[in-house]
Structures are given as structure tokens and as C-alpha cells.
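Hi everyone, and thanks for making time this morning. I'd like to walk you through a structure that may be new to most of you, so please have a look at it on the screen.

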Amino acid sequence: MKKRLYAAILIVLALALPFPQAAGGWSPLTDAVVWAEEELWSYRSQLSEQEAELYDDMSTQFQEGNPSFTHTFPAPLEFENSQEAQNQIKDMFFRAYEAFYRDHPQVFWINKSNITISPKAAQGTGKVQVAAAEITVTFTNISDLPAKQDQLEEKVQSILKGAGNNDFEKVWAFHDYLTNNCQYDEPAAATPANYPLSYESYGALIYGNATCEGYSKAFKLLCDRAGIPCVIIGGNAGGEAHMWNYVKLDGAWYMVDSTFDDPIGGEPRYDYFLKGKNSTAEYKNENSFTQNFDPRFNDPVLSQEDYPLPDMSKKPEVAEDAGEEAAAEANGPCRVSFSRAKNGTLSVEYTYASGSLDNGQTVPNGIVLRVVAFPQAGYELDAVTVDMGGSVKTVDKEVFYLTVTADCQVSAAFTKKAG
């Protein structure tokens, strides 16, 4: 059984007191939900008005590429003492941030290991007032972020083009696209900090390597763009930390787990596709993706019964990368060539057997290979380039998996470290 891991979010709250006295009136925090459910399920709909305003600010600022911004409350918040202020501000920001995280699978550039909240507060003779707070996150070190954003959106749109004529066919196509084109990233599961994009939709859809978190975000992103209600669910399955999806079809919610259905070669499975509560006893939802915090969110209510599936042998087509599809249909052997790298090592290995490939060796169509590119001391990896059947892709990971569907050329470039 494959190892599954999802990244926990650690959020650090910094409440420094005292500050200059805040002026004006005050507004108490409230737990009341004031937002009705939107057409597409959103965890934003479970936030209070103040939390939703913060969520919207995060959505705007983070997606515009601003890792730090100041959120100003319409009227200062007032508390009995600094401890109450810290607890309630923490609660509000955690809920807003976790809702944002769950609702935005297209945001792949935030390092979720920490977010710092610095309230602008005052300690007067009586009560503590908070007028604003500075929110700071760390962005993952990604070069050419705008280009990568465009690349992800182009990939999503290309998959959507031929994904079926109704919601069921689209969900089916999204599931099969991931199980056919994405490999579970064992190195990322072992060392998450080294492979942050494998925990994102980008890693699943562009690199074809992801953990269960990446699979789940990619599936949600495709459903979001198709207008199909879908959410990411976290918890454990069979005692292991895991992430999967709920998707809404014909008025009811069903579970989809594209990670567990990935067969590692061969035809996709449907053991975890559109399942109801009666078939998912091994899955245990956890209310929070955040360490040591309960956001009090409600997940959609799962159907008791499985979705009635038709004949799954008649698969809907996904009109994406026609050149690669044609090569895959040919089922002929593929030639794998790779350049000997300067200032580092490059090898292409079998995934489930020992030994590396020779330069120019032929392999079966559809085989999964492991590419390893390690820099020498004093150098760092710039990129690995894969030219497969005329389709060129670049990867900035030292270890990744490659599904061969046409003759391909693999090369690596290393650059001297600054300083």
C-alpha cells in the first residue's frame, strides 16, 4: 500500500502588547454564520461576517502575489484582557485561513508551514482594543510564478475540453486523468519540505507527481472549473493520514479518492470512486487541516449509498495532449535518451526494479521511470528538461517520476550557487 501524507499547517500568532491606544468605537466578535451556502460549496459560507472579510482580503492579496498585508477592521475589536484578545483573534484568523486553504486549490505558491498574525492592539486602563492586524506568509521559492499560473490554467482548460457531456462524465474523466497521468510521489511524502509542489494541484497536473494532497487539490480544481461542487476532505484512511474529495452529483455527495484508485500502471480502478458512507468505514474525517485547532467546520453530508455506476469499460475521452495519446495508443516501444550532465549527475532508473537505463535504451510504452538529478557540491539544480514526442516540459525537482508515452530526451542543467 502506498504511503499517504498530507501537510499540516502550523500557524504562529504574534500578539504584542501594549501598542498606542486605538481610537473609535468597537465591534464584538461573533460566531454567527451570516453567509448563505453558495452555488458551489465553499467553506467561506461557514464564516462569520468578520471572518469572511478577512478571507476575502487573503484571497485578493495572496492571489495578487502579496505575501504580507494589513487587514483593518471596520471598527476596532474590544476585549477584556490581552489573553482574551489573543484567543479570539487567533480563532478568527485560523478559521479564515483554513477556509481559504480549502477553497483555493489553484493557489500553489504559499508555504503553509507558518503564517504570522501581528495584531495592532492597545492596552489601556480598561479594555484591550485591536484595530488591525498584519498577516504574513512565506511564498514557496518558485521562479516565473505568473508563467506557472498560466501553465496550470492552460492545462486545466485543455483537460476540460473533452471531459464529457454531463457532470458524471466529467467527474469520471477527471478521476481517470489523474490515475493515468499522475504518480504518487514517495520522495515528497518522505521529505515534504524538499518537494512543496507535490502537495499542490500544480505538481499533480504539470509534473505528474503528487502526494494525496496534490491529487485532491487537482481533482477539486478541475471540478471547480467545470462548475461541479467539490471539496477537499482530510483525516485518515486505514489509520494513515490522508486527503480525498467529496463531489456532488445528482443532488447528493459522494466520495472520490483518486490517490487510492491509482493502479501504478494498468487500467484505473474504481474501488474508491463515487462511494457512499456505507462503503467508506475506513475513512475518518478530521475537522481541521491545522495543527492543534478546531475550526468547527461542517463537511457535506455524504450519501449513504454509492452512486449507481454505468458500464465503466466505456470511458469518456479527455482531449488533452493529442500527440501523447496517439503514441500511447500505438503501444510501441519508446527510446529514452539522456545527456550526461556537467556539475551534477543525471540518471534514469526503473521505478520498481533495480538498475539504471542505458542512454538510448528502449522501454515499453507507458512504463514509469524515476529520474534522479543531483548537483555536485557548490552547484544547484536549475531544471530537468524532458522532450517527449516534441512536447517539452521542465521540472525543478531532483527526483521525479516520468511516464513514458513516446520517444524522449532527458537533460539536466546545474548552476553554480551564489556566493
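I'll go through a sheet, a strand with its neighbours, some salt bridges and then the empty spaces. Before we start, please keep in mind that this is a predicted model.

Let's begin with the sheet. Five strands make up an open sheet, and their order across it is S14-S12-S19-S16-S17, with mixed pairing. The edge positions belong to S14, residues 361-363, and S17, residues 391-395; each has a single partner strand, so one side of each is left without a neighbour in the sheet. On average, neighbouring strands here are turned by 25° against each other, direction ignored.

We can zoom in on one pairing inside that sheet. Strand S12, residues 334-338, runs parallel to strand S19, residues 408-416, and three bridges join them. If you want a place to put your finger, Val336 has Cys408 in S19 as its bridge partner.

Now please turn to strand S9, residues 252-256. Is S9 enclosed or open? Five of its five residues are buried, so S9 is largely enclosed by the rest of the structure. As a reminder, in a regular strand the side chains alternate between the two faces of the sheet. For S9, one side carries Ala252, Tyr254 and Val256, the other carries Trp253 and Met255, and all of these are buried, so to speak covering both faces. Which strands pair with S9? Strand S8, residues 240-249, pairs with S9 in the antiparallel sense over five bridges, and one of the partnerships is between Leu249 and Ala252 of S9. S8 and S9 form a hairpin with two residues between them, and Asp250 in the turn has a positive phi of about 50°. Strand S10, residues 273-275, is also antiparallel to S9, with two bridges between them. There, Met255 has Lys275 in S10 as its bridge partner.

On to the charged contacts. How many salt bridges does the structure hold? There are 13 salt bridges, and I've picked out a few.

The pair Arg102 and Asp299 comes up with an N to O distance of 3.5 Å between the side chains. Arg102 sits in helix H2, while Asp299 sits in the loop between strand S11 (283-285) and helix H9 (322-330), so this pair ties together parts that are 197 residues apart in sequence. Arg102 is buried at 2% relative accessible area, whereas Asp299 is partly exposed at 21%.

Next come Glu153 and Arg225, whose side chains meet in a salt bridge at 3.0 Å, N to O. Glu153 belongs to helix H3 and Arg225 to helix H7, residues 212-226, so parts 72 residues apart in sequence are tied together. Both partners are partly exposed: Glu153 has a relative accessible area of 27%, and Arg225 has 33%.

Staying with H7, Lys217 forms a salt bridge with Glu213, and their closest N and O atoms are 3.0 Å apart. These two lie four residues apart in helix H7, about one turn of the helix. Are they buried or exposed? Lys217 counts as buried at 3% relative accessibility, and Glu213 is buried too, at 0%. Elsewhere on our list, Glu78, Glu80 and Lys127 are joined into one network by salt bridges that share partners.

Finally, the empty spaces. Rolling a probe the size of a water molecule over the atoms shows where empty space is left. The count comes to one cavity of 30 Å³ or more, and the largest cavity has a volume of about 90 Å³. Which residues line the largest cavity? They are Tyr97, Phe100, Tyr101, His104, Val107, Ile110, Lys112, Glu200 and Lys217. You'll recognise Lys217 from the salt bridge with Glu213. Helix H2 (82-103) and strand S3 (110-123) each give two or more residues to this lining, and H2 has the largest share, with three. By class, the lining has five nonpolar, one polar and three charged residues.

There is also the second largest pocket, which holds about 750 Å³ of space. Its lining has 26 residues, and those nearest its centre are Asn141, Leu381, Asp382, Asp396 and Lys397. At least two lining residues come from each of helix H3 (145-161), helix H6 (201-207), strand S16 (379-388) and S17. S16 gives the most, with four residues. The lining divides into 11 nonpolar, eight polar and seven charged residues. This brings us back to where we began, as S16 and S17 are both strands of the open sheet.

That's my tour, and thank you all for listening.

Definitions and conventions: Residues are numbered from 1 along each chain as its sequence is written. This is a predicted model: local features need pLDDT of at least 70, side-chain atom pairs count only at pLDDT 80 or more; totals for chains, interfaces and linings use all residues. Side-chain values use heavy atoms; hydrogens and water are left out. Two strands pair if DSSP finds at least two bridges between them. Axes are lines fitted to C-alpha atoms, for helices over the stretch in contact, and angles run from 0 to 180 degrees between N-to-C directions. On a 1 Å grid over the protein atoms alone, a cavity is a set of points where a 1.4 Å probe fits but cannot get out, and a pocket is an open set with protein on both sides within 12 Å along at least five of seven lines; lining residues have an atom within 4 Å of a point. Grid points are joined across faces, edges and corners, and a volume is the space filled by probe spheres set on the points. Ala, Val, Leu, Ile, Met, Phe, Trp, Tyr, Cys and Pro count as nonpolar, Asp, Glu, Lys and Arg as charged, and the others, Gly among them, as polar. A salt bridge is a side-chain nitrogen of Lys or Arg within 4 Å of a carboxyl oxygen of Asp or Glu. Buried means under 20% relative accessible area, exposed over 50%, partly exposed in between (1.4 Å probe, protein chains only).
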